[in-house]
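Okay, thanks everyone, let's get going. I'd like to walk you through some side-chain packing today, so have a look at this one.

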Amino acid sequence: MPQTKVIFYREEDGTVPVLEWLDALPRGAVAKLRVKLSRLHELGHELRRPEADYLRDGIYELRVRLQTINYRLLYFFHGNQAAVVSHGIVKERRVPTKEIEAAIERKQAFEKRPSLHTYEER
């Protein structure tokens with residue numbers, strides 16, 4: 001099975017919201033989220049619960065729990081790529097609708113101009 005390339009959504013001004021968010025998190029949370037991103041790279045569409053789940057409209061979530069906090073990265077598939085478009089800390093068991101809507105908007109912007117909205121880590 002070919003590996004999935006993990007990329008991040010970049011705003012038109014060049015900022016990468018997900019990476020800025022990761023920079024502000026505790027090291028333990030970042031480490032666990034990085035492991036999940038590696039698993040997404042390795043398994044792509046094959047990644048399942050409890051690590052990942054399908055939400056709706058082509059949006060998936062990577063799921064991490066550290067102590068009592070639920071961290072989420074929202075992404076979608078674009079060809080052989082997984083584009084990480086949004087993030088959040090979830091207090092309930094469900095991702096808030098506004099976070100999913102934001103991810104859908106970014107997905108639509110990305111699909112119109114992938115090269116403008118793609119950021120790859122080196």
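Keep in mind that this is a predicted model. Let me start with tyrosine 60, which is partly exposed, because its relative accessible area is 22% and buried would need under 20%. Phenylalanine 77, on the other hand, comes in at 15%, so that one counts as buried.

Now, the aromatics. We get 6 aromatic pairs in this model. Take tyrosine 60 with phenylalanine 77: the ring centres are 5.2 Å apart and the planes sit at 75°, so we call that pair edge-to-face. What I like here is that the pair links distant parts of the chain, with tyrosine 60 in strand 3, phenylalanine 77 in strand 4, and their positions 17 residues apart.

Phenylalanine 77 also pairs with tyrosine 75. There the centres are 5.6 Å apart with the planes at 85°, so that's edge-to-face too. And tyrosine 75 is buried, with a relative accessible area of 1%. Put Tyr54 together with Tyr60, Tyr75 and Phe77, and you have one aromatic cluster.

What sits over the ring of phenylalanine 76? That's the charged end of lysine 107, 5.7 Å from the ring centre.

Last stop, helix 1, residues 17–24. Which residues are buried there? Pro17, Val18, Leu19, Trp21 and Leu22. Those buried residues pack against quite a list: strands 1, 4, 5 and 6, plus helix 2 and helix 3. Strand 4, at 69–78, is on that list, and it's also the strand that holds phenylalanine 77.

Okay, that's my tour, over to you.

Notes: Residues are numbered from 1 along each chain as its sequence is written. This is a predicted model: local features need pLDDT of at least 70, side-chain atom pairs count only at pLDDT 80 or more; totals for chains, interfaces and linings use all residues. Side-chain values use heavy atoms; hydrogens and water are left out. Buried means under 20% relative accessible area, exposed over 50%, partly exposed in between (1.4 Å probe, protein chains only). Helices (H or I, at least four residues) and strands (E, at least two) are DSSP runs, numbered from the N terminus. Contact means heavy atoms within 4.5 Å. Rings of Phe, Tyr and Trp (its six-membered ring) pair if their centres lie within 6.5 Å; planes under 30 degrees apart count as stacked, over 60 as edge-to-face and the rest as tilted. A charge sits over a ring if NZ of Lys or CZ of Arg is within 6 Å of the ring centre and within 35 degrees of the ring normal.
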